[in-house]
Amino acid sequence: MKKQILSVALLAGTLVACGPKLPQLGKASVDEVVDAMTLEEKAHLVVGRGMSGFSGDSAVVGETHDLVPGAAGTTYPISRLGIPSVVLADGPAGLRINPTRKGDSATYYCTHFPIGTLLASTWNQQLVKEVGAAIGDEVLEYGVDVLLGPALNIQRNPLCGRNFEYYSEDPVVSGEIAAAYVNGVQSNGVGTSIKHFAVNNQESNRMGNDAHVTPRALREIYLKGFGIAVGKSAPWTVMSSYNYLNGTYTSENKELLTTVLRDEWGFKGMVMTDWFGGKDAVAQMIAGNDMLQPGTDNQYEAIVNGVKQGKLKEDLLNRNVKRILEMILRTPRFRGYQYSDKPDLKSHAAITRRSATEGMVLLKNEKKTLPMGSGIKNVALFGCTSYDFIAGGTGSGNVNRAYTISLLDGLKNAGYQVSDDLKAMYTSYIAEENKRNAPKKGKMAMFMPLPRPVEMKLTSDLLKEQVQKSDIALVTLGRTSGEFLDRTPADFNLTEEEQQMLKNICKAFHAAGKKVVVVLNIGGAIETASWKNEPDAILLAWQAGQEGGNSVVDLLSGKVSPSGKLTMTFPGKLEDVASSANFPMDGAASSMDFTQHRKNKEQVRLWDYTDYEEDIYVGYRYFDSFGKSVSYPFGYGLSYTTFTYSNPVVKETNGTFNVTLEVTNTGDVAGKEVVQLYVAAPFNARFPKPEKELKAFTKTRELKPGEMEQVTLNVNISDLASFDEQASAWVTDSGTYKLLIAASSRDIKAVKEVNVAGSSKKMHDILNLKRQIKLLRK
C-alpha cells in the first residue's frame with residue numbers, strides 16, 4: 001500500500017514539475033513548503049522510514065543501513081520539494097554506528113566515552129560540555145544529524161537496568177549535567193534528543209507499564225530535570241518514553257507533550273517517539289508527538305485515513321510537519337556539509353581518559369593506602385573484570401570502539417609489574433566462562449548484556465605465592481549494564497564467590513602487612529555495607545569508556561587526585577530504598593516478552609502498573625528526611641587532599657540568593673572540590689517538605705596546596721517553591737529558610753539563614769492520578 005501511494009506521489013510530482021515552480025525547502029518559507037505537500041507526503045514525513053524485520057510490537061535497538069550504516073533511523077525524503085533524509089543515531093556515551101561496512105576496507109570506530117552516571121559524578125559542567133563537544137564532532141564528521149541522547153531519567157531505584165545512562169537520583173544534577181552535555185554536542189551544529197520523556201524508570205515491561213505518579217512528584221522530581229535542560233540548552237528534539245503515565249502513553253499525552261513541554265516550558269523543537277513507542281498514531285499526532293520512529297505502514301495509513309475521516313485535523317498534522325522541517329533546516333545534511341568520516345579519535349581518547357578520572361569516586365582510603373607510593377612496583381591483580389574491563393552498557397547505549405583498556409593494560413602502561421602466571425590463569429578461565437555464557441541466537445541477542453564470569457576460586461597456595469611476589473593487591477568487581485532488563489537483588493549484592501574471594505585475599509595480604517584495594521567497575525549502586533570494612537581502599541571507577549584502565553591507574557598512582565562525588569545514595573541494603581517496595585525484583589525481560597506475566601488478563605502489579613508510593617522521597621530526600629542510615633551518602637567522595645570552607649556570605653539580587661564562600665586546599669597535593677548547596681524549608685504541617693534539597697552546586701578549579709578559590713552558588717527564590725496539588729500551583733512558604741553549604745548531603749560545612757516572603761504561581765491542573773495510591777508521608 002505504502003509503495004503504491006509513493007508511486008502515485010512521484011507521478012504527481014513529475015506532472016506538477018511541468019507546471020508552476022515548486023517551493024523548495026530553505027528557499028521558500030516553511031509554510032509554503034507545507035502547503036505544497038500532499039497529504040500522503042505529510043504522512044510519510046511524520047513517520048520514519050521503517051525498520052526491516054520488525055513489526056513494531058516490541059521495543060528495539062534502532063538500526064538502519066541508509067546513509068550511515070548502523071545509525072538508528074532516518075527521516076523520509078521528498079526530493080521534489082528539496083527535503084532531504086536526515087540521520088538519527090544513538091548515544092549517549094558516544095555515537096553508535098557500525099564500525100565496518102560491506103565492501104569497504106575503512107573503519108568507522110567511535111570513541112566510547114564514560115557512561116552518564118560517571119559524567120554526572122564529575123559535577124563539572126564545563127568538563128561535561130567538553131565531552132559533549134567531542135561527541136558532537138564525531139556525530140558531525142560521520143554524517144549524522146541528531147544524536148539520540150542524553151538520557152536523564154531519575155535513578156529511582158538501584159535496580160533500574162538503564163541507570164548507567166542516567167545521571168542521578170536528583171533532578172537538579174540531572175538537568176544541569178544534561179544541559180551541559182547538550183550545549184557541547186550542539187556547538188557542532190548537530191542536534192540532540194533528550195530522553196526519555198518521561199518517568200522511564202524501569203525496564204520491566206517498559207512498553208506496557210503504567211507509572212502512577214502524583215502531580216507533585218512529577219513536577220518536583222521526574223519532570224524538573226527535563227525543564228532545566230530545555231531552559232538552559234534548547235535541545236533540538238525531545239524523545240517521548242515507552243511507558244504509560246497515569247493511564248496514558250506518554251507519546252499520546254497532550255498534557256505532557258504540549259501543555260508542559262511547550263506551553264509552560266517554551267520548548268520550540270521537535271518531539272519524536274522512542275523506537276516503536278506508543279500505539280495510536282492519530283493520538284500521537286494530536287498530542288504533539290511530531291515524528292514516529294522508526295515508523296510502520298500501519299502508522300502511515302492511520303494518519304492518512306485519520307485526516308480523511310476527520311479524526312485528525314490537517315492543520316494539526318501541518319503543525320507537526322512544520323516542526324520536522326524546521327529541524328531539518330538546521331541539519332548538516334541539509335546545509336550540504338561535506339563530512340570527512342575521519343574525526344580526531346586520538347584527541348577524543350585523551351578527553352575520555354581525563355573526564356573518566358574526574359568522575360571516579362574514592363569511597364574509602366584507610367591510612368592513605370592510595371595513591372600507591374613509589375615502593376609499589378609489583379601488583380597482584382585479582383577478579384575477572386581486572387582483565388576484561390567493562391567500558392559501558394549494552395543496547396542503544398553501546399559504542400563500537402576500536403579498543404578497551406583493561407586495568408591490566410593500564411597498570412602495564414604505567415610501568416607496574418603484574419604476574420604473567422596470574423594473567424594466564426585468568427585469561428583461560430574467562431574464555432571458558434564466556435563460552436559457557438554465550439548468548440542465544442536472535443535479533444536482539446547482540447544488544448543484551450553478557451553475564452559476568454563467576455569468580456575463580458583462589459587456592460591458598462596461589463594466594464601465598466602472590467603475597468610473596470607482590471607489593472599490593474588490586475581486586476576488581478564488575479557488573480554489566482544494559483537496557484531491556486532490570487537488575488535483580490542478586491546483581492545488587494556480592495555473590496558468594498565474590499565475598500569469599502575478597503575475604504581470602506584480605507586475610508592473606510593483611511597477614512603480611514600488605515594492602516588490598518577494591519576497584520568497582522559498575523554501572524549503578526551496589527551493596528557495600530557488609531564488606532567495605534575488609535579492604536583498605538575502595539575506588540568506584542564506574543564504567544569509564546574505552547580508556548577506563550588508564551583512567552583508573554591515573555588515580556591509583558597519584559597522577560590525579562580523585563574529585564568525583566556520588567550523584568546517588570549507596571544504601572545499606574536494597575530494602576532500605578523507599579521505592580524497593582514498588583519496584584520489580586525478578587529481572588524479567590522487557591516488552592520483548594510482553595505476555596510473560598499475564599494472569600487471566602488481570603493487571604499485574606509492578607508489571608502492568610507501578611505505584612510510586614514513595615512520592616517525592618527519592619534517594620537522599622528519603623534517607624535524610626526519615627533518619628535512615630546509609631553506606632555512602634549522596635554527594636560523598638574522598639580526595640587525596642583536604643579542603644576547608646570559610647567566610648560564607650549571602651546576598652539577594654533581583655530575586656536570587658548569591659552564596660559566596662572561600663574554598664582552600666589545606667592538604668599536601670593538588671585537587672578539586674565539589675561544593676553543594678542544599679535548602680531546608682520552614683516546617684509546614686499541612687505540606688511536608690524533604691529535610692533538605694539540593695539547589696545548586698559548583699566545582700573548584702584544581703587548587704594547589706594552600707591555594708584558595710572563591711566560589712559562588714546561585715539560587716532563585718522561585719526555586720524554593722514546592723508544588724501544591726490542591727492549588728495546582730508552585731507555592732513558596734513564607735518564613736526562614738536554611739542555606740546549607742555542604743560537601744555531601746550529610747556533611748554540612750556552614751549554615752546561613754534567609755527570610756523569604758510567601759508567593760504562589762498557578763499552573764495547569766494536569767497529569768493527575770486516575771486513582772488514588774497509598775503515599776509515604778513524614
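Phe657 has Val715 of strand β23 as its bridge partner. Strand β23 covers residues 708-716 and runs antiparallel to strand β20 (residues 656-665), to which nine bridges join it. The model is a predicted one. It holds 40 salt bridges, and some of its loops contain cis peptide bonds, including the one from Gly91 to Pro92.

**Strand β23**

- In a regular strand the side chains alternate between the two faces of the sheet.
- Strand β23 shows this alternation, with Glu709, Val711, Leu713 and Val715 pointing to one face, where they are buried.
- Met708, Gln710, Thr712, Asn714 and Asn716 point to the other face of β23 and are not buried.
- Val715, the bridge partner of Phe657, is thus named among the buried side chains of the strand.

**Salt bridges**

- Glu41 and Arg80 form a salt bridge in which the closest N and O atoms are 2.6 Å apart. The pair links distant parts of the chain, 39 residues apart: Glu41 belongs to helix α3 (residues 39-46), and Arg80 to the loop between β1 (73-74) and β2 (87-90).
- Glu41 counts as buried because its relative accessibility is 5%, under the 20% limit. Arg80 also counts as buried, at 17%.
- Arg262 and Asp290 form another salt bridge, with 3.0 Å between the closest N and O atoms. Arg262 lies in helix α9 (residues 254-264) and Asp290 in the loop between α10 (281-287) and α11 (297-308), so the pair ties together parts that are 28 residues apart in sequence. Both residues, Arg262 and Asp290, are buried.
- The side chains of Asp747 and Lys749 meet in a salt bridge with an N to O distance of 3.3 Å. Asp747 is partly exposed because its relative accessible area is 29%, a value between the limits of 20% and 50%. Lys749 counts as partly exposed as well, at 40% relative accessibility.
- A network of salt bridges links Arg162, Glu165, Glu203, Arg206 and Glu483.

**Surroundings of Met37**

- Met37 is located in the loop between α2 (30-36) and α3.
- With a relative accessible area of 6%, Met37 is buried.
- Leaving aside residues up to four places away in sequence, Met37 touches Lys42, Leu45, Ile78, Arg80, Leu81, Ile83, Val321 and Leu325. Arg80, one of these contacts, is the salt-bridge partner of Glu41.
- Met37 and Gly564 are 527 residues apart along the chain, and their C-alpha atoms are separated by 53 Å.

**Backbone exceptions**

- Most residues other than glycine have a negative phi, and most peptide bonds are trans.
- The peptide bond from Gly91 to Pro92 is cis, with omega near 10°. Pro92 sits in the loop between β2 and α4 (116-121).
- The peptide bond from Gln293 to Pro294 is also cis, with omega near -10°. Pro294 is placed in the loop between α10 and α11, the loop that also holds Asp290.
- Leu67 is not a glycine, yet its phi is positive, at about 65°. Leu67 is part of the loop between α3 and β1 and counts as partly exposed at 40% relative accessibility.
- Asn205 has a positive phi too, near 50°. Asn205 lies in the loop between β4 (191-197) and β5 (210-212). Its relative accessible area is 0%, so Asn205 is buried.

Conventions. Residues are numbered from 1 along each chain as its sequence is written. This is a predicted model: local features need pLDDT of at least 70, side-chain atom pairs count only at pLDDT 80 or more; totals for chains, interfaces and linings use all residues. Side-chain values use heavy atoms; hydrogens and water are left out. Buried means under 20% relative accessible area, exposed over 50%, partly exposed in between (1.4 Å probe, protein chains only). Helices (H or I, at least four residues) and strands (E, at least two) are DSSP runs, numbered from the N terminus. Two strands pair if DSSP finds at least two bridges between them. A salt bridge is a side-chain nitrogen of Lys or Arg within 4 Å of a carboxyl oxygen of Asp or Glu. Contact means heavy atoms within 4.5 Å.
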